[in-house]
There are 4 protein chains.
Amino acid sequence: MTIRFGVIGTGAIGREHMRRITQKLLGGEIAAVTDIDLSAARKAVEELGIEARIYPEEELLADRSIDAVIITSWGPAHEASVLAAIAAGKYVFVEKPLATTIEGCERIVQAEEKIGRRMVQVGYMRRYDRGYQALKSVVACGELGSPLMVRCTHRNAAVDERYTTEMAVLDTLVHELDVTRWLVGDDYAEVQAVFPRRTKYAHEALQDPQIFLLRTQTGIVITAEVFVNCRYGYDIQCEIVCEEGTVSLPAEASVEFKHDALHKRAVPQDWKLRFADAYDAELQDFINQVERCNEPQGPSAWDGYLATLAAEACVRAQKSQGWESVTPGISQPKFIAGRV
Amino acid sequence: MTIRFGVIGTGAIGREHMRRITQKLLGGEIAAVTDIDLSAARKAVEELGIEARIYPEEELLADRSIDAVIITSWGPAHEASVLAAIAAGKYVFVEKPLATTIEGCERIVQAEEKIGRRMVQVGYMRRYDRGYQALKSVVACGELGSPLMVRCTHRNAAVDERYTTEMAVLDTLVHELDVTRWLVGDDYAEVQAVFPRRTKYAHEALQDPQIFLLRTQTGIVITAEVFVNCRYGYDIQCEIVCEEGTVSLPAEASVEFKHDALHKRAVPQDWKLRFADAYDAELQDFINQVERCNEPQGPSAWDGYLATLAAEACVRAQKSQGWESVTPGISQPKFIAGRV
Amino acid sequence: MTIRFGVIGTGAIGREHMRRITQKLLGGEIAAVTDIDLSAARKAVEELGIEARIYPEEELLADRSIDAVIITSWGPAHEASVLAAIAAGKYVFVEKPLATTIEGCERIVQAEEKIGRRMVQVGYMRRYDRGYQALKSVVACGELGSPLMVRCTHRNAAVDERYTTEMAVLDTLVHELDVTRWLVGDDYAEVQAVFPRRTKYAHEALQDPQIFLLRTQTGIVITAEVFVNCRYGYDIQCEIVCEEGTVSLPAEASVEFKHDALHKRAVPQDWKLRFADAYDAELQDFINQVERCNEPQGPSAWDGYLATLAAEACVRAQKSQGWESVTPGISQPKFIAGRV
Amino acid sequence: MTIRFGVIGTGAIGREHMRRITQKLLGGEIAAVTDIDLSAARKAVEELGIEARIYPEEELLADRSIDAVIITSWGPAHEASVLAAIAAGKYVFVEKPLATTIEGCERIVQAEEKIGRRMVQVGYMRRYDRGYQALKSVVACGELGSPLMVRCTHRNAAVDERYTTEMAVLDTLVHELDVTRWLVGDDYAEVQAVFPRRTKYAHEALQDPQIFLLRTQTGIVITAEVFVNCRYGYDIQCEIVCEEGTVSLPAEASVEFKHDALHKRAVPQDWKLRFADAYDAELQDFINQVERCNEPQGPSAWDGYLATLAAEACVRAQKSQGWESVTPGISQPKFIAGRV
Ligand SMILES: [Mg+2]
Ligand SMILES: [Mg+2]
Ligand SMILES: [Mg+2]
Ligand SMILES: [Mg+2]
């Protein structure tokens with residue numbers, strides 16, 4: 001069976017997922033597309049050269065022939081689309097964030113809970129990266145004992161003037177917030193932000209770099225650096241320090257040069273390339289799981305909720321520069337509990 | 001348009017390509033399958049859970065609905081199948097070797113030449129590996145000047161008793177013979193084999209390790225080590241030494257451990273994993289090129305001929321322990337000339 | 001001219017320096033030795049097979065033929081010996097800490113200030129390590145722009161039961177406190193301690209690991225991890241993140257193995273080996289500078305004072321788990337100002 | 001006791017050893033100096049600021065107060081000086097080559113044999129390098145089983161016009177000839193030279209790069225590349241491939257940069273820096289061994305003879321481009337046998 005997708009939002013990421021499903025993945029097809037600007041939706045469909053219906057979101061959600069939606073509109077619109085899709089009985093693949101407010105996330109978790117099984121997957125694609133998966137399996141198998149500390153680095157070459165201090169959490173750190181929690185299998189208790197000296201390359205509205213400390217409920221401390229004007233490239237690091245030893249993400253596989261008095265290799269400049277395989281894998285897995293077991297298995301609405309909850313605490317910590325607690329307002333749905 | 005494939009030979013590699021086309025790649029389907037043992041063909045089809053006709057090779061080749069064949073029978077059968085497929089107007093993806101004799105390769109080249117365009121691609125998948133492609137682009141762009149030397153290492157953890165001294169060339173070194181010629185864009189002039197002290201892990205019929213020296217027509221010297229009982233894993237290295245500097249394949253991307261008094265990472269044990277992406281890419285490219293331009297663009301019959309020609313010289317050199325020349329008996333078809 | 005040394009304290013480090021000056025370095029000799037247990041001093045001299053006078057500390061300091069003293073007694077005795085040696089006109093090489101109290105350090109700084117030139121060098125040997133010197137020169141030359149963050153890791157395989165939470169600062173972190181301040185050329189303003197989940201290998205009186213955040217006066221943030229039961233070995237890391245790029249200590253130079261399914265190298269187990277060359281270099285430089293310019297040029301009494309001051313703030317931060325300020329009670333002597 | 005040295009030849013290396021013994025090492029002093037140009041000897045002594053007698057070589061060798069000589073004249077003069085020094089009962093540290101002819105080396109071995117104990121050490125300093133010593137100990141302890149192959153690379157950034165094809169063996173490869181034989185504990189049986197395409201940076205009288213194959217008596221094959229206009233720096237590599245795994249020299253310990261879209265570290269440009277510690281260690285060991293056991297323990301006259309013998313075969317192989325045998329004309333003196 002081919003999963004028939006409706007796409008809500010045809011910005012860059014939306015078009016990327018359309019292309020991915022059409023040209024790279026198996027088992028799915030883009031059957032319907034919408035956007036607040038329908039002419040943009042039409043253009044996206046034409047560029048890709050596919051047959052797909054183009055109509056307003058309400059009609060798309062009412063279309064019985066659509067199995068699942070991909071929500072790639074701007075963040076504030078996510079909640080309404082996710083809730084409507086759940087109500088319409090459609091599987092949801094939603095880009096991060098699940099919703100921009102904690103309450104919005106809670107409403108989604110509760111809507112899904114009423115259905116009684118998973119409908120939603122959030123686009124935290126790092127869980128599908130080979131390196132992170134290897135880290136996860138090392139921690140899970142216990143060969144290094146219990147994790148005590150995690151050290152994360154998230155560096156970008158540069159950002160433009162629209163990127164603000166808060167976005168360092170909401171757009172950037174949020175990936176670490178999700179993947180680290182998943183890696184160590186433990187929820188956050190409190191977070192702190194520390195602001196180093198500002199780089200001269202940061203625009204006015206941006207504190208850059210930033211350091212975050214996150215403490216889990218069992219006391220694991222994560223140190224996470226966000227530095228989005230590091231100049232030299234895109235650089236994602238993760239080291240997990242356990243009782244018996246440490247394990248780290250591999251360095252990027254680049255050819256090695258000896259040239260010009262240097263032993264050197266290129267640092268990737270483009271974040272899309274770094275996680276290209278993970279983007280493919282997350283969506284392929286969504287397709288496969290929906291078809292095989294009628295439930296997606298990737299990052300859940302609950303995961304999306306906790307990521308947003310931790311991000312909101314980090315934003316508070318940016319302002320207070322002290323420890324801020326991370327306290328869920330609702331309980332984990334039973335059908336989620338016990339899954340990683 | 002979907003390319004309808006017929007598969008000739010359902011051994012391990014044949015079944016692997018069937019699974020690949022069915023479950024991972026886009027634009028192709030397994031429409032027909034044959035094997036000298038038709039019950040093996042039937043079993044392969046059933047295991048995969050596909051609909052595909054099962055009939056003798058002659059019928060498969062006569063079937064007008066089949067666009068292309070994948071030839072994964074044993075080596076000595078390749079020539080006849082390739083020639084019959086070309087005669088039947090079908091595109092051919094044939095596993096290495098193109099044919100087991102030089103004359104057989106020549107007949108294939110000439111058969112294709114009569115058609116006047118490319119019909120055949122040989123399964124030298126390394127050209128589709130990201131690392132080798134990066135090496136190729138470095139050499140091609142000229143930033144390191146002209147290549148002078150290449151150093152290759154091809155190590156396997158272990159081989160079984162059926163693996164002989166000749167197979168070190170025909171099954172193993174042959175990958176270096178193809179990919180190195182492609183990397184430097186130059187044909188071989190002569191080759192030499194040197195036998196070091198034998199490892200105690202080599203079975204009786206096997207000299208292991210072996211060292212080969214290859215000299216191209218412009219004088220580039222390739223040093224290639226084949227060591228198939230190296231014990232520690234699967235290890236493929238390639239360094240190109242140019243006038244301005246050197247470039248090497250990246251080390252395998254494995255997570256890094258600090259544990260047990262060691263800084264360590266795993267060496268891959270399985271050669272399939274090392275080139276898994278390349279196997280996918282070669283066949284996807286075959287599908288795409290056949291559909292788009294009615295010609296495959298990967299390793300050609302001419303490439304397959306030159307690889308077999310060089311391999312045959314290496315086998316002679318194993319016996320003579322001196323330099324043996326590599327001399328093609330036919331000229332390169334015009335429609336191939338100038339392509340890399 | 002040979003510098004005639006008196007050694008005060010013949011514990012392990014004292015005997016090591018005696019051996020070093022006698023057998024490895026040029027320009028110095030051990031002329032006199034004392035210890036609170038004179039028989040230990042006698043044994044140390046005999047074992048080394050040298051001619052050296054053995055008498056109480058007062059007599060040693062009164063001996064006009066002695067040019068310089070090496071103070072390797074236990075920490076609480078340092079202050080009295082240093083002050084007495086300065087009063088006796090002798091150059092002082094004192095192991096860390098300069099003194100165990102802030103007031104003691106201040107008295108030493110002021111005693112030296114009265115003399116009007118440098119008499120004292122403190123044994124912070126890392127400044128003489130080739131790796132740290134390379135980092136220093138990169139920062140100093142400005143090619144990477146201003147430093148914004150420093151990430152330090154200080155790990156030991158294991159410690160015994162006498163090692164306490166405070167010692168993680170006083171014996172271990174103190175090396176980072178000195179060397180990092182020297183690297184970035186900036187003084188500390190405040191410090192914070194964060195305690196992760198305790199490893200099961202920590203003894204009762206020890207929180208292990210610990211994380212420290214240090215903020216300098218210009219806002220550079222140093223993140224320093226101390227983990228003294230990391231099990232896998234001795235591991236010192238330092239990365240300096242600047243506006244234009246980063247620079248890190250080299251990995252240890254160990255031969256590389258491919259063996260047993262691993263690509264591996266040994267992690268040093270012994271901290272003495274890691275800094276063996278630095279220990280030689282610091283003392284050789286002390287000898288050379290005293291002879292050439294009548295002033296040692298290594299870590300000064302002022303440096304020793306600031307290291308103790310920062311350490312004391314870190315100990316307060318261990319208890320408060322909040323930010324603690326680092327405030328000198330005296331000013332930097334004029335003859336020190338402007339030196340790095 | 002201080003070893004009193006006479007230096008014969010005050011070119012660059014001679015003056016370097018004079019400085020080393022005077023300023024860095026223990027237990028030796030430069031007591032006498034000669035050169036074919038006595039004014040050069042005088043200048044060397046004055047520059048160093050030492051007291052040393054300056055007189056013709058005959059007088060120096062007749063001076064009963066001199067314990068040992070350092071022979072750093074040009075190669076063709078070595079034999080006569082070594083023989084005269086042995087006759088005069090003086091220990092000899094002679095720079096490579098021991099002598100420029102095989103017969104000359106044989107005369108020296110036989111002269112020493114008449115004395116009945118070791119008098120001579122040849123300046124093959126790599127045996128004193130920490131990396132090579134670690135390789136040696138890995139091979140010797142047997143943890144990787146028997147060595148089967150060795151891969152050596154010897155690259156220099158550039159050479160001047162006086163450097164010829166032969167010098168690639170006599171000045172450059174000869175270090176590999178000595179150290180590899182020592183590493184694997186096996187003598188050479190035959191050698192071959194292969195000339196790749198010439199780099200455009202090679203001067204007229206120079207084939208560059210060159211590849212040498214060396215086969216030992218037990219069949220170990222060494223592949224050694226000499227490339228003295230590699231442009232990017234000084235690069236010494238050595239990998240020993242054994243039955244159970246491989247071991248390689250560590251990469252140079254240089255600080256790591258992430259800067260300018262690159263992950264990079266500097267390649268050393270200066271060969272003196274690479275082996276600076278080894279140069280110190282070889283001469284310190286010579287001093288120590290002569291004083292303690294009246295025999296130097298480093299590379300012997302026999303080692304120097306075998307290096308010259310192998311080098312001479314390599315020069316023949318450069319001309320013949322075929323295998324050339326390495327056959328000693330005399331037997332190993334009994335007092336050498338069994339030593340490594
Ligand atoms: Mg995503
Ligand atoms: Mg293939
Ligand atoms: Mg010290
Ligand atoms: Mg030497």
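By what turn, and with what RMSD, can chain C be laid on chain A?

**View 1. Chain C laid on chain A.** A turn of 180 degrees and a shift of 0.0 Å along the axis lay chain C on chain A with an RMSD of 0.0 Å. That is the relation of a two-fold axis. Superposition is by least squares on the C-alpha atoms of residues with pLDDT of at least 70 in both copies. The model is predicted: local features need pLDDT of at least 70, side-chain atom pairs count only at pLDDT 80 or more, and totals for chains, interfaces and linings use all residues. Residues are numbered from 1 along each chain as its sequence is written, chains are lettered from A and ligands numbered from 1 in the order written, and side-chain values use heavy atoms, without hydrogens and water.

**View 2. The contact of chain C and chain A.** Chain C gives 38 residues and chain A gives 38 residues (contact: heavy atoms within 4.5 Å). Of the interface residues of chain C, 100% are also interface residues in chain A, so the copies meet through the same surface. About 3,000 Å² is buried between the two chains, 56% of it from carbon and sulfur atoms (accessible area, 1.4 Å probe, lost on being put together, summed over both parts). On the chain C side, M149(C), R197(C) and E243(C) lose the most area to chain A, together 23% of what that side buries.

**View 3. Charged and polar pairs between chain C and chain A.** The rule finds 6 salt bridges across this interface (a side-chain nitrogen of Lys or Arg within 4 Å of a carboxyl oxygen of Asp or Glu). E239(C) and R155(A) meet in a salt bridge, at 3.2 Å from N to O. β7(C) gives the most to the side of chain C that touches chain A, with 5 residues (strands: DSSP runs of E, at least two residues, numbered from the N terminus).

**View 4. The contact of chain D and chain B.** Here 39 residues come from chain D and 38 residues from chain B. The buried area is about 3,000 Å², with 56% from carbon and sulfur atoms. M149(D), R197(D) and E243(D) lose the most area to chain B, together 22% of what the chain D side buries.

**View 5. A salt bridge between chain B and chain D.** This interface holds 6 salt bridges by the rule. The side chains of E239(B) and R155(D) meet in a salt bridge, at 3.3 Å from N to O. The largest share of the side of chain D that touches chain B is 5 residues, from β7(D).

Note on methods. Helix = DSSP H or I, 4+ residues; strand = E, 2+ residues; numbered from the N terminus.
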